[in-house]
Amino acid sequence: AAALRGFCLLALQVGSQPALYDWVEYLDGLRISHSGVREGHLGLLVEVPDLDGVLVQLHTAEHPSADEA
């Protein structure tokens, strides 16, 4: 697992920007560390490290508008 630390092995699409922010709120409520919402290649994303540092990515398929960037 140490060799995979910092790599994303699983990416899940959450559907929409509001749904992604709901996930952030949920993770915060459980005190689970995460990257916060960032812009990625496909849309917005949040990375959540597991106990070994391997990343799980939650992302939208929507690209942010110019007003949101």
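Colleague: In this predicted model, is Tyr 26 buried, partly exposed or exposed?
Modeller: The relative accessibility of Tyr 26 is 48%, and a residue is called exposed only over 50% and buried only under 20%. Because 48% lies in between, Tyr 26 counts as partly exposed.

Colleague: Which residue forms an aromatic pair with Tyr 26, and is the pair stacked or edge-to-face?
Modeller: A search of the whole structure finds one aromatic pair, and in that pair the ring centres of Tyr 26 and Trp 23 are 5.7 Å apart, with 90° between the planes. Planes over 60 degrees apart count as edge-to-face. Both residues lie in helix H1 (residues 17–29), three residues apart, about one turn of the helix. The partner is therefore Trp 23, and the geometry is edge-to-face.

Colleague: Why is strand S3 described as largely enclosed by the rest of the structure?
Modeller: Strand S3 spans residues 44–49, and it pairs in the antiparallel sense with S2 (residues 38–39) over two bridges and with S4 (residues 55–59) over five bridges. The description itself rests on burial, because the number of buried residues in S3 is five of the six.

Colleague: Which residue takes a positive phi in the hairpin of S3 and S4?
Modeller: Within the paired strands, Glu 47 stands opposite Gln 57 in S4, and the hairpin has five residues between the strands. The positive phi, near 90°, belongs to Gly 53.

Colleague: What is the area of the nonpolar surface patch that includes Phe 7?
Modeller: Phe 7 is found in the segment before strand S1 (8–13), and it makes the patch together with Leu 4, Leu 9, Leu 10 and Leu 12. The area of this patch is about 470 Å².

Definitions and conventions
Residues numbered from 1 in each chain as written. Predicted model: local features only at pLDDT ≥ 70, side-chain atom pairs only at ≥ 80, totals over all residues. Heavy atoms only, no water. Patch = residues over 30% accessible without salt bridge, like charges linked within 9 Å, V, L, I, M, F, W, Y side chains within 5 Å. Areas by Shrake-Rupley, 256 points an atom, 1.4 Å probe, with all protein chains shown as cover. Salt bridge = Lys/Arg side-chain N within 4 Å of Asp/Glu carboxyl O. Helix = DSSP H or I, 4+ residues; strand = E, 2+ residues; numbered from the N terminus. Buried < 20%, exposed > 50% of the residue type's maximum accessible area, 1.4 Å probe, protein only. Pairing = 2+ DSSP bridges. Phe/Tyr/Trp six-rings, centres within 6.5 Å; stacked < 30°, edge-to-face > 60°.
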